[in-house]
Amino acid sequence: MSFGESLAKGLSVIETVALNDIEKEYISSSINYLTKNQLCKLDAKYMAWKLTWKEPEIAMHSVLRMYAKSKEYDDFIEYCKSMGDMA
């Protein structure tokens with residue numbers, strides 16, 4: 001069963017997550033430390049990962065952890081880690 005089907009049947013729920021002001025400020029200040037090149041690479045790696053979400057072998061799962069089982073996800077995470085603590 002796909003995640004969409006699981007949602008439709010009421011078997012899965014999408015949680016609404018809201019960041020507090022401190023978390024929002026941390027993200028904003030971290031982004032300010034990125035160079036334009038770093039930000040472009042980060043966006044490209046995220047978009048490459050996001051494209052995998054529509055692949056049938058991923059989209060068919062209702063287990064969200066499956067979305068993190070791809071080379072693109074690994075590349076995105078490794079790039080994030082390579083930048084270290086930005087704030």
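A residue counts as buried when its relative accessible area is under 20%, and as exposed when that area is over 50%. The model used in these exercises is predicted.

**Exercise 1. The two faces of H5**

Find the buried residues of H5 and decide how they are arranged around the axis.

Solution.
- Step 1. Set the frame. H5 covers residues 71-82. The helix has twelve residues. From first C-alpha to last, H5 reaches 16 Å, close to the 16 Å expected at 1.5 Å a residue.
- Step 2. Apply the cut-off. Tyr73, Phe76 and Tyr79 are the buried residues of H5.
- Step 3. Look down the axis. These buried residues fall within an arc of 130°, so they line one face of H5.
- Step 4. Turn to the face away from the buried side. Lys71, Lys81 and Ser82 are the exposed residues carried there.
- Step 5. Find the packing partner. The buried residues of H5 pack against H3.
- Step 6. Check what follows the helix. Gly84, just after H5, takes a positive phi of about 70°.

**Exercise 2. The buried side of H3**

Which residues of H3 are buried, and what covers them?

Solution.
- Step 1. Locate the helix. H3 spans residues 36-52. With 17 residues, H3 reaches 25 Å from its first C-alpha to its last, close to the 24 Å expected at 1.5 Å a residue.
- Step 2. List the buried residues of H3. They are Leu42, Trp49 and Thr52.
- Step 3. Place them around the axis. They cover an arc of only 75°, which puts them on the same side of H3.
- Step 4. Inspect the face turned away from that buried side. The exposed residues there are Lys36 and Leu51.
- Step 5. Identify the cover. H4 and H5 are among the elements covering the buried residues of H3.

**Exercise 3. The largest nonpolar core**

State how many residues make up the largest nonpolar core, and find which element gives the most to this core.

Solution.
- Step 1. Recall the general tendency. In soluble globular proteins, nonpolar side chains tend to be buried together.
- Step 2. Collect the members. The largest nonpolar core has eight residues in all: Leu34, Leu42, Trp49, Ala68, Tyr73, Phe76, Tyr79 and Met83.
- Step 3. Sort by element. H3 and H5 are the elements that give two or more residues to this core.
- Step 4. Pick the main contributor. H5 gives the most, with three residues.
- Step 5. Follow one member. Beyond its neighbours up to four places away in sequence, Tyr73 touches Trp49, Arg65, Tyr67 and Ala68.

**Exercise 4. An aromatic pair in H3**

Classify the pair Tyr46 and Trp49 by geometry, then state whether each residue is buried or partly exposed.

Solution.
- Step 1. Survey the rings. The whole structure holds seven aromatic pairs.
- Step 2. Take the geometry. In the pair Tyr46 and Trp49, the ring centres are 5.8 Å apart and the planes are at 75°.
- Step 3. Classify. Planes over 60 degrees apart count as edge-to-face. The pair of Tyr46 and Trp49 is edge-to-face.
- Step 4. Place the pair in sequence. Both residues lie in H3, three residues apart, about one turn of the helix.
- Step 5. Assign exposure. Tyr46 counts as partly exposed because its relative accessibility is 30%. Trp49 has a relative accessible area of 13%, so this residue is buried.
- Step 6. Widen the view. Tyr46, Trp49, Trp53, Tyr67, Tyr73 and Phe76 form one aromatic cluster.

**Exercise 5. The salt bridge**

Find the side chains that meet in a salt bridge, and state how exposed each residue is.

Solution.
- Step 1. Recall the principle. Side chains of opposite charge can pair when their charged atoms come close.
- Step 2. Count. The structure holds one salt bridge.
- Step 3. Identify the partners. Asp75 and Lys71 meet at 2.7 Å, N to O.
- Step 4. Place them. Both lie in H5, four residues apart, about one turn of the helix.
- Step 5. Assign exposure. Asp75 is partly exposed, with a relative accessible area of 30%. Lys71 is exposed, at 59%.

**Exercise 6. A contact across the sequence**

How many residues apart along the chain are Ser62 and Ser6, and what separates their C-alpha atoms?

Solution.
- Step 1. Place both residues. Ser6 lies in helix H1 (residues 3-8). Ser62 sits in the loop between H4 (56-59) and H5.
- Step 2. Read the separation. Ser62 and Ser6 are 56 residues apart along the chain, with 6.4 Å between their C-alpha atoms.
- Step 3. List contacts, leaving aside neighbours within four places in sequence. Ser62 is in contact with Met1, Ser2, Phe3, Ser6 and Ser12. Ser6 touches Met1, Leu11, Ser12 and Ser62.
- Step 4. Assign exposure. Ser6 is buried, with a relative accessible area of 3%. Ser62 is partly exposed, at 30%.

Notes. Residues are numbered from 1 along each chain as its sequence is written. This is a predicted model: local features need pLDDT of at least 70, side-chain atom pairs count only at pLDDT 80 or more; totals for chains, interfaces and linings use all residues. Side-chain values use heavy atoms; hydrogens and water are left out. Rings of Phe, Tyr and Trp (its six-membered ring) pair if their centres lie within 6.5 Å; planes under 30 degrees apart count as stacked, over 60 as edge-to-face and the rest as tilted. Buried means under 20% relative accessible area, exposed over 50%, partly exposed in between (1.4 Å probe, protein chains only). Contact means heavy atoms within 4.5 Å. A nonpolar core is a set of buried Ala, Val, Leu, Ile, Met, Phe, Trp, Tyr and Cys residues joined through side-chain atoms within 4.5 Å. The expected span of a helix is 1.5 Å times one less than its number of residues. The arc is that of the directions from the helix axis to the C-beta atoms. A salt bridge is a side-chain nitrogen of Lys or Arg within 4 Å of a carboxyl oxygen of Asp or Glu.
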